[in-house]
Amino acid sequence: AKDAGRNAYRFFDEQMNRRAQEHMMLQNRLHQALYRAELQLHYQPQVNAADGRVTGVEALLRWRNPELGEVPPARFIPVAEDCGLIVPIGAWVIEQSCRQAQAWRQAGLPDLTLSVNLSALQFRRAGLIETIAGALERSGLPPQLLELELTESILLQDVENTLEAVRQLKAMGVRLSIDDFGTGYSSLSYLKRFAVDRLKIDQSFVRDISTDPDDAAIARAIIQLAHSLRLGIIAEGVETQEQLAFLREAGCSEVQGYLFSKPLPPAELEAFLRRR
Ligand code: C2E
Ligand code: CA
Ligand code: CA
Ligand code: CA
């Protein structure tokens, strides 16, 4: 038994080691990714649930490395957050997506909201306000068309500084939404304090919405809450007509998911918009 324990320990140890090594390896390659133009943004349409009109797009990072192939964000974003690289990468995302959104406007496409994901670390470092103000100014994108997607945890850490940053962003005219709503700490007071514009129902509640009564109840409650507080509401991860029908009937005004389109490279997104 003692031997078994020692072996199990050694196994565990090796596993940790391997994980740490992979972390280091990803970190090194990610450093170069930004300068070797291995990062790309894909854009997923956000759709009006009643009439199917596209109202916005969410920018989502993609990383294709020559040796590793396509590395999913769920794997590299935590690494980038750990080593601080998410700050320059996030700044690149903001700059690049604002330029793209403005280019679409100038190409005659209807105005769309651009949603960009922000990490907690970007909020805690100085320079976020300048990065956003600079990207808006250089691109010419109207601030009302930029929406920052924050998670609940961002708003609950370091509240005083975050409040100040949010105040400055709101003064600029930028919009705020809460991503993965309902999966974080369930403190709702921040909705009032932070002047949030929109809630995004997490896909974990959407997946079984038409079969699981608990998920259905949670989704309905979030939609009601948004209506009562006069906030916008969008559901993510919508894959089926049943989910769409449920959400529409429950009063969810906007939806996003594979039912309409997966995230697309810019040229394909543009073609998608022109087809509709
Ligand atoms: P998220 O912000 O919650 O984004 C939604 C994720 O669901 C995306 O995964 C999207 O591709 C995926 N998705 C969209 N529609 C469907 C659907 O109908 N069904 C299913 N099963 N999935 C769907 P992705 O692109 O792999 O991104 C994963 C996460 O990585 C994002 O979750 C976000 O937290 C993070 N992320 C992506 N891009 C950025 C970025 O530029 N900055 C930061 N800080 N985080 C990012
Ligand atoms: Ca998001
Ligand atoms: Ca989510
Ligand atoms: Ca998320």
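Buried means under 20% relative accessible area, exposed means over 50%, and partly exposed lies in between (1.4 Å probe, protein chains only). This is a predicted model, in which local features need pLDDT of at least 70 and side-chain atom pairs count only at pLDDT 80 or more, while totals for chains, interfaces and linings use all residues. Residues are numbered from 1 along each chain as its sequence is written, chains are lettered from A and ligands numbered from 1 in the order in which they are written, and side-chain values use heavy atoms, with hydrogens and water left out.

**Exercise 1. Find the aromatic pairs and place them in the chain.**

Step 1. Rings of Phe, Tyr and Trp (its six-membered ring) pair if their centres lie within 6.5 Å; planes under 30 degrees apart are stacked, over 60 edge-to-face, and the rest tilted. The whole structure yields two such pairs.

Step 2. Take Tyr43 and Trp104: their centres are 5.0 Å apart and their planes make 80 degrees, so the pair is edge-to-face. Helices (H or I, at least four residues) and strands (E, at least two) are DSSP runs, numbered from the N terminus. Because Tyr43 lies in strand E1 and Trp104 in helix H3, the pair ties together parts 61 residues apart in sequence. Both Tyr43 and Trp104 are buried.

Step 3. Now try Trp63 and Phe76, which are also edge-to-face, with 5.5 Å between centres and 85 degrees between planes. This pair links strand E2, home of Trp63, to helix H2, home of Phe76, 13 residues apart. Trp63 counts as buried because its relative accessibility is 0%, and Phe76 is buried at 1%.

**Exercise 2. Describe the site of the calcium ion (ligand 3).**

Step 1. Donors are N, O and S atoms within 2.8 Å of the metal (3.2 Å for Na, K and Ca); water is not among the atoms, so sites may look incomplete.

Step 2. Asp180 (OD), Asp202 (OD), Glu236 (OE) and Glu236 (OE) coordinate the calcium ion (ligand 3) at 2.0 to 3.1 Å. Along the chain, the donors have the spacing D-x21-D-x33-E.

Step 3. Asp180 sits in strand E6, and Asp202 in the loop between strand E7 and helix H9, 22 residues apart.

Step 4. Are these two residues buried or exposed? Asp180 is partly exposed, with a relative accessible area of 24%, whereas Asp202 is buried at 10%.

Step 5. Finally, look for the neighbouring metal: the calcium ion (ligand 2) is 5.6 Å from the calcium ion (ligand 3).
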